[in-house]
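Student: I'm new to this one and could use a guided tour. Could you take a close look at the cysteines for me, and then at the parts of the fold around them?

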Amino acid sequence: MEKDARPSWDNHMQFVLACISYAVGLGNVWRFPYLCQMHGGGLASVVTSLYLCLYYNIINAWSFWYLFHSFHLVLPWADCPINSNRTGPVEECERATPTQYYFYRETLDISSSIEENGGVHKGQALCLLLSWLITYLFIVKGVKSTGKVVYFTATFPYVVLFIYLIRGITLHGAVNGVKYMFTPKMEQLANPVTWINAATQIFFSLGLGFGSLIAYASYNQYNNNFECQAIVVSLINSGTSIFASIVTFAIYGFKATVNYENCLERTRLLLLNTFNLAEDSIIINNTFQWVEKLNTTFPQQFAELANQLEDCDLQHELDTAVEGTGLAFIVYSEAIKNMPLSQLWSVLYFIMLLLLGMGSMLGNVTAIITPLQDFKVVSHMNSELFNGLVCLFCLLLSLGFTTSSGNYWFTMFNDYGATFSLLFIVLIEVISVSYIYGLTRFEKDIKDMLGHRPNWYWKIMWAGTSPLLLIALFVFYIISYIQGGTPRYRAWNKELGKSMVTEYPVFGQVFIGLLLVSSVICVPLTALHVYCRNRKHGNQKKRQPTGTTVLA
């Protein structure tokens, strides 16, 4: 290999940190905790990474939006704004919660369905521009600039998580959330969706199938000890998911406990006012006893309160599953506003989200740029110019996510843009290496690079366990998709102040089909192209001796 064929990392630590910065992303903070709560190759990778890049940076734009608004004297999502008549809070906010209103109305200015489109949210568009500008500055010099950035993006989030861990476990009710996290739901083990979500989570978290790790590894030295580094990155990634989940569930437990006790307090006041009881006769701890007592003593009068009494249940508060943006921008914001020095905790949290998001974006963009630069068409183009054009292209396409219906398109890309294709891509990669390229040749390559052959564990995983599990998950996914009927999404209903499940319109279903097919189709099309090209070259070689004889 020529020394100037491809730039390389300055040291092994840069590669490991780059992999950690890419692997440890927003999925560790919001997707893994959500799944705990719920359950206890080629061009195809480039297309999948492109889809991810288009919608992933809008999350960073939201993080910038919240970060900038965290410097207010009073957090803008702490209370409902006053209506235009100055007679009381905005009705939509009263029906929902201040944190929900701020996210759906102030941040997204969301429409009532994917079919209703509005203009671009200028504030979000500017935040998205800033996100892509920073992404470009991080990758402008390729691996040389990325290698410097990952020292910060890979380590600082751990500092913030540790600070949040100390604060989280000291919050009132935190133990309820942590206990909930480590309480298994054994019945979920028989649910195929649980295993599909688990596999997809590890693909998302480690970045399998996107091509980012392969792109990063291509900048390594030939004799780099990738076996040890793969184990280290995997352990750190999974450990971070558990660590971040403890922090998340501690804060989630605090939020659930506060909501539960607020519900009990409203019930207590209702009973005191209705039955003219002494102020100190009912406390939060004996509210349920008084409910039973009053229901027995004054059944007729108590029956009149049936529509006003709330069903206060801590378990229900903990069971309310919130994923993704709901967890990161609504649940966390609601918990933060109840903390002392809420502005400080808000700034720290959204800086951490930005670093996690930006660290993953480096890998996502690298997974697009590196394979494309290997094509002859762009191989001679200035790398800074080419990187800038890729970022500009993604920025222009992702502006659609800043419209009033943009969040629904974001959900579509998140649910269908890189789930089915990941299972397919990784399955093809495993089969190609194990059975087409061949384990024997692969072992020789590894021995040439590391000085020893892989042990029996790796061979069993590559040749047997992984392909079988992936095929099973792939089949389960298709069956679940078919049985699920018409694809659905959650649309914000401002009249009710909550999200309602609704079916995608026809054009949405067609677009989902295109998302699922577009990345997967790259594999058979590329295979067909290579086959035809090789066949053509083979025919030319057969005709070559005859041509040579005539010329002679």
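Tutor: What follows starts with the cysteines and moves outward from there. Keep in mind that this is a predicted model.

Let's start with the bonds. The structure holds 2 disulfides. One of them joins C80 and C93, with 2.0 Å between the sulfur atoms. This pair ties together distant parts of the chain: C80 sits in the loop between α3 (43-69) and α4 (91-95), while C93 belongs to helix α4, 13 residues apart. The torsion about its S-S bond is about -85°, so this disulfide is left-handed. How exposed or buried are its two ends? C80 has 23% relative accessibility and therefore counts as partly exposed. C93 has a relative accessible area of 1%, under the 20% limit, so it is buried.

The other disulfide joins C263 and C312, whose sulfur atoms are 1.9 Å apart. This pair also links distant parts of the chain, with C263 in helix α12 (residues 226-275) and C312 in the loop between α14 (299-303) and α15 (314-319), 49 residues apart. With -80° about the S-S bond, the link is left-handed. C263 counts as buried because its relative accessibility is 6%. C312 is at 8%, so it counts as buried too. If you number the bonded cysteines in sequence order, the pairing reads 1-2, 3-4.

Now for a cysteine without a bond: C53. The closest cysteine sulfur to that of C53 is in C394, and at 5.3 Å it is too far for a bond, since a disulfide needs the sulfur atoms within 2.5 Å. C53 is at 0% relative accessibility, so it counts as buried. C127 is another cysteine to look at, and with a relative accessible area of 6% it is buried.

C53 and C394 bring us to a tryptophan. Leaving aside neighbours within four places in sequence, W132 is in contact with C53 and C394, and also with N57, M361, V365, C391, L395 and S398. W132 belongs to the largest nonpolar core, which has 107 residues; together with Y164, F329 and Y349, W132 touches the most other members. The helix that gives the most to this core is α3, with 17 residues. In soluble globular proteins, nonpolar side chains tend to be buried together. Apart from this core lies another one, of 10 residues, with W290, L294, F302 and L305 among them.

Several of the contacts of W132, including C391, C394, L395 and S398, are buried residues of helix α19. The other buried residues named there are F386, N387 and V390. An α-helix has 3.6 residues a turn, so residues three or four places apart point the same way. The buried residues of α19 pack against α3, α6 (122-139), α17 (342-373) and α18 (376-379). What about the length of α19 (residues 383-398)? Its 16 residues should span 22 Å at 1.5 Å a residue, and the end C-alpha atoms are 22 Å apart, so the two agree.

Back to α3, which has another partner to look at. Its axis and that of helix α23 (residues 506-520) come within 7 Å and cross at roughly 145°. On the α3 side, the contact is made by A44, V47, T48 and Y51, and on the α23 side by L515, S518 and S519. By type, the residues in this contact divide into 4 nonpolar, 3 polar and no charged.

Just before α23 you can find Y504, in the loop between β2 (498-503) and that helix. Y504 counts as buried because its relative accessibility is 2%. Not counting residues up to four places away in sequence, Y504 touches I114, Y408, T411, M412, Y416, T486, P487, R488, Y489, Q509 and I512. Its C-alpha atom is separated by 10.0 Å from that of A491, 13 residues apart along the chain.

Finally, return to the loop between α3 and α4, where R86 lies. R86 has a phi near 60°, a positive value in a residue other than glycine. With a relative accessible area of 68%, over the 50% limit, R86 is exposed. D109, in the loop between α5 (98-107) and α6, also has a positive phi, near 45°. D109 is at 41% relative accessibility, so it counts as partly exposed.

Key: Residues numbered from 1 in each chain as written. Predicted model: local features only at pLDDT ≥ 70, side-chain atom pairs only at ≥ 80, totals over all residues. Heavy atoms only, no water. Helix = DSSP H or I, 4+ residues; strand = E, 2+ residues; numbered from the N terminus. Buried < 20%, exposed > 50% of the residue type's maximum accessible area, 1.4 Å probe, protein only. Axes fitted to C-alpha atoms, helices over the stretch in contact; angles between N-to-C directions. Contact = heavy atoms within 4.5 Å. Nonpolar A, V, L, I, M, F, W, Y, C, P; charged D, E, K, R; others polar. Core = buried A, V, L, I, M, F, W, Y, C linked by side-chain atoms within 4.5 Å. Expected span 1.5 Å × (residues − 1).
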